[in-house]
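Student: I'd like a close look at one part of this model, please. Could you take me through a single annotated site, residue by residue, and say what surrounds it?

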Amino acid sequence: MINMLGTIFQRAIEVLEIFEKHGHKAFIVGGAVRDYQMGRNIGDIDITTSATPNEVLKLFAKVIPVGIEHGTVIVRYKKESFEVTTFRVEGDYSDYRHPDHVQFVDNLEADLARRDFTINAMAMDRYGNIIDPFNGSSDLSKHCIRAVGVAEERFSEDPLRMMRAIRFASQLGFVIEKETLGALCENVELIGRIAIERIAVEFLKMFNGQYIANGITLVTKTKMLNFFPVFKDNPRLQTKIRKHEATLFSYGELIAVLHLYDECVSIDEWVKTWKLSNQVRNEAKILSNACKYYFENGLTKWLVYTIPPQCDEGFIRLITVFGNEKSLISIEKLRNIRSELPILSNSQLAINGKDIIELKPNYPKGPWIKQCLAEIEKNVVEAKLINNQNNIREWVKKWNPPEID
């Protein structure tokens, strides 16, 4: 089966061989081993090794020391990247994220014991043999998320693991084991000590999940939402989100949906509070505005024109969330309308601002020019005005700018 897992897996096996050739132990570890056993697509591959970071630096031509003080580096090998961490045991987590100190060891099982859940605490050698000291394979077969060792200790080390447990339930459709869930509920307030940027990553991954209803049930049942910005001050939003069942694929989609669930919270507030990017802000505004317009006016040429092609699928997903069977549309219909539009951007207009100024010499420059261009753009898109310079010039001559103070 290993030979059929794709290029990145083959490169990982080669990296393991290099370690072993130089007298070190090395294994694929974590999510890749879990997904390998489940028959899921393999994404990033992490490697754990007995080699120290300095020894790793000597073995490979390109090594990025991203967390070398904690034993972690990125190895670039044949155009693939692998996170490589030395076997280690860890001290306390004063910052609830990083261990205060680490000790490198020559014991794989000791290294696996520090990991979050049994399904992520398995290793695999280059022959495909699974090393599983905490019965992760059994928990996989039971569809169970169980903490390694004492759940309370794992969560107090890094409270984000509580959010990760819920995220895995959403992605895999698994159930959180009773004691692990109990420890999560008892320690849920610790999530408030985690940087919102880290929470945001796991929150989106939860919404990416095929079993998102599981995730929503868990973040409400455990009262975790009470420790998230915006949610903690908005019981109404918490109530509305309980019925959410749609998988979402980007921060823009997620923020647009949350805004539409409660428009009292603006997109700007979401982006600022959750420390998201301007790109997320722009995408969320495009999607939310398009959704509102659609339910008021239907699928018009102008609406399709305002939606960037890369947002098509996100727009369809939002319609699914807030619409009904009669309001649903296909991606093909949306794209067919776009293919018939006379222009795809205002840069394709047969006239520009300079032309408009020349046609209205008695008016001082001002916002009216932009308004005029906007009206021309919409009329052209809606086929009320042919995108021809002569036709547009005649239209501008008849157009009356707003009164100018």
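Tutor: Happy to; here is a walk around one residue of the annotated site and some of its surroundings. Bear in mind throughout that this is a predicted model.

Let's start with the record. An unreviewed UniProt entry gives the feature "binding site" at Gly31, Arg34, Arg115, Asp158, Arg161, Arg164 and Arg167. I'll take Arg115 as the centre of the tour. Arg115 sits in the loop that runs between helix H4 (108-112) and strand E8 (123-124). Its relative accessibility is 16%, and because buried means under 20%, Arg115 counts as buried.

What does Arg115 touch, apart from residues up to four places away in sequence? The contacts are Val29, Thr48, Asn120, Ala121, Val148, Arg154 and Arg161. There is also a polar contact between the side chains of Arg115 and Asp111, at 2.9 Å.

Two of those neighbours deserve a visit of their own. Arg161, which touches Arg115, is also among the positions that UniProt lists for the binding site. Arg161 belongs to helix H7 (residues 160-172). With a relative accessibility of 10%, Arg161 counts as buried. A polar atom of the Arg161 side chain lies 3.2 Å from the backbone oxygen of Arg114.

The other neighbour is Asn120, located in the loop between H4 and E8. Asn120 has a relative accessible area of 6%, so it is buried. Its side chain makes a polar contact with the side chain of Arg34, at 2.5 Å. Setting aside neighbours within four places in sequence, Asn120 is in contact with Gly30, Gly31, Arg34, Arg115, Arg164 and Phe168. If you hold that list against the UniProt feature, Gly31, Arg34, Arg115 and Arg164 appear in both. Asn120 itself is not among the positions given for the feature.

For another buried loop residue, turn to Ala51. Ala51 lies in the loop between strand E2 (46-49) and helix H3 (53-59). Its relative accessible area is 0%, so Ala51 is buried. Not counting residues up to four places away in sequence, Ala51 touches Phe19, His24, Val56 and Thr86. Ala51 and Val105 are 54 residues apart in sequence, while their C-alpha atoms are 9.5 Å apart in space.

To retrace the main path: Arg115 touches both Asn120 and Arg161, and Asn120 in turn is in contact with Arg34 and Arg164.

Key:
Residues are numbered from 1 along each chain as its sequence is written. This is a predicted model: local features need pLDDT of at least 70, side-chain atom pairs count only at pLDDT 80 or more; totals for chains, interfaces and linings use all residues. Side-chain values use heavy atoms; hydrogens and water are left out. UniProt positions are given in the numbering used here, feature names are shortened, and annotations may be inferred rather than shown by experiment. Helices (H or I, at least four residues) and strands (E, at least two) are DSSP runs, numbered from the N terminus. Buried means under 20% relative accessible area, exposed over 50%, partly exposed in between (1.4 Å probe, protein chains only). Contact means heavy atoms within 4.5 Å. A polar contact is a pair of N or O atoms within 3.5 Å; within protein, one must be able to donate a hydrogen and the other to accept it, and residues adjacent in sequence count only if both atoms are side-chain atoms.
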